[in-house]
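Trainee: I would like to go through this structure by asking, for each label, what justifies it. Could we set every value against its cut-off before drawing a conclusion?

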Amino acid sequence: MPAPDRDLVSGVIQLSNLLMRHLAPVFEKARVTPQQWAILTALAGAAQPMTLAGLARLMLVSKQNMTGMVARLEQLGFVERQSDPNDHRSSRLMLTRRGRATVDKLRPAYEQWRRELGADIAERDLAALTRTVDRLIERLQAEG
């Protein structure tokens with residue numbers, strides 16, 4: 001039942017909290033958080049190794065925040081850094097074999113969870129929500 005005085009922002013924050021709580025068990029055995037999953041799949045989908053700054057921009061977080069998240073994924077053996085041949089001050093991030101295997105192993109469970117989440121919602125409603133979220137993200141990014 002919807003909260004009577006919930007506004008859009010409060011609702012999105014609550015939805016985000018619930019998504020994280022309900023999604024966490026999908027990744028629990030691999031000891032990966034939903035946030036780490038998002039980073040791993042971003043790296044898995046990249047055509048080339050990414051810079052830390054590029055990954056931070058893609059994930060919409062600060063470079064400092066991304067530094068800590070990547071360090072934890074490195075400790076877990078999922079991500080490695082390679083020197084950037086074009087800029088010796090920078091490094092590129094890529095999945096390790098273990099990271100790629102973890103993404104491949106968890107992806108079917110994640111996709112199943114995602115299908116079940118929207119199973120009783122009309123496809124057009126989900127598409128409209130996705131477009132609206134995309135527009136709100138674009139607007140906030142344009143504001144800086």
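Trainee: Where does R31 lie, and how do you know which elements flank it?

Mentor: R31 is in the loop between α1 and α2, and those labels come from DSSP runs numbered from the N terminus, a helix being a run of H or I of at least four residues and a strand a run of E of at least two. This is a predicted model, in which local features need pLDDT of at least 70 and side-chain atom pairs count only at pLDDT 80 or more, while totals for chains, interfaces and linings use all residues. Residues are numbered from 1 along each chain as its sequence is written, and side-chain values use heavy atoms, with hydrogens and water left out.

Trainee: Why is R31 called exposed?

Mentor: The relative accessible area of R31 is 60%, and the scheme calls a residue buried under 20%, exposed over 50% and partly exposed in between, using a 1.4 Å probe and protein chains only. R31 is over the upper cut-off and therefore counts as exposed.

Trainee: What makes the backbone of R31 worth a remark?

Mentor: Its phi is near 60 degrees, a positive value in a residue other than glycine. Most residues other than glycine have a negative phi. L60 is another non-glycine residue with a positive phi, of about 65 degrees, and L60 is found in the loop between α3 (52–59) and α4 (63–75). With a relative accessible area of 47%, L60 falls between the two cut-offs and is therefore partly exposed.

Trainee: Why is Q36 called buried, and which residues does it touch?

Mentor: Q36 lies in helix α2, and its relative accessibility is 9%, which is under the lower cut-off, so Q36 counts as buried. Leaving aside neighbours within four places in sequence, Q36 is in contact (heavy atoms within 4.5 Å) with R31, R72, L73 and L76. Q36 has company in α2, whose buried residues also include P34, W37, I39 and L40.

Trainee: How do you know that the length of α2 fits its number of residues?

Mentor: Helix α2 (residues 34–45) has 12 residues and reaches 16 Å from its first C-alpha to its last, and the expected span is 1.5 Å times one less than the number of residues, which for α2 is given as 16 Å. Helix α6 (residues 123–143) can be treated likewise, as its 21 residues reach 31 Å, close to the 30 Å expected.

Trainee: What makes the arrangement of α1 and α2 earn its description?

Mentor: Their axes come within 9 Å and cross at roughly 65 degrees, where axes are lines fitted to C-alpha atoms, for helices over the stretch in contact, and angles run from 0 to 180 degrees between N-to-C directions. Angles under 35 degrees count as roughly parallel, over 145 as roughly antiparallel, 65 to 115 as roughly perpendicular and the rest as oblique, and α1 is therefore roughly perpendicular to α2. M20, L23, A24 and F27 of α1 make the contact with P34, Q35 and W37 of α2. By class, this contact has 6 nonpolar, 1 polar and no charged residues, where Ala, Val, Leu, Ile, Met, Phe, Trp, Tyr, Cys and Pro count as nonpolar, Asp, Glu, Lys and Arg as charged, and the others, Gly among them, as polar.

Trainee: Which residues join α1 to α5?

Mentor: L19, H22, L23, V26 and F27 in α1 meet L106, A109, Y110, W113 and L117 in α5. By class, that contact has 9 nonpolar, 1 polar and no charged residues. The axes of α1 (residues 8–27) and α5 (residues 97–117) come within 9 Å and cross at roughly 145 degrees.

Trainee: Why is T51 called buried, and why does Q82 get another label?

Mentor: T51, in strand β1 (residues 50–51), has a relative accessible area of 18%, which is under the lower cut-off, so T51 is buried. Q82, in strand β2 (residues 79–84), stands at 35%, between the cut-offs, and therefore counts as partly exposed. Leaving aside neighbours within four places in sequence, T51 is in contact with S90, S91, R92 and L93, and Q82 with P49, S91, R92 and M94.
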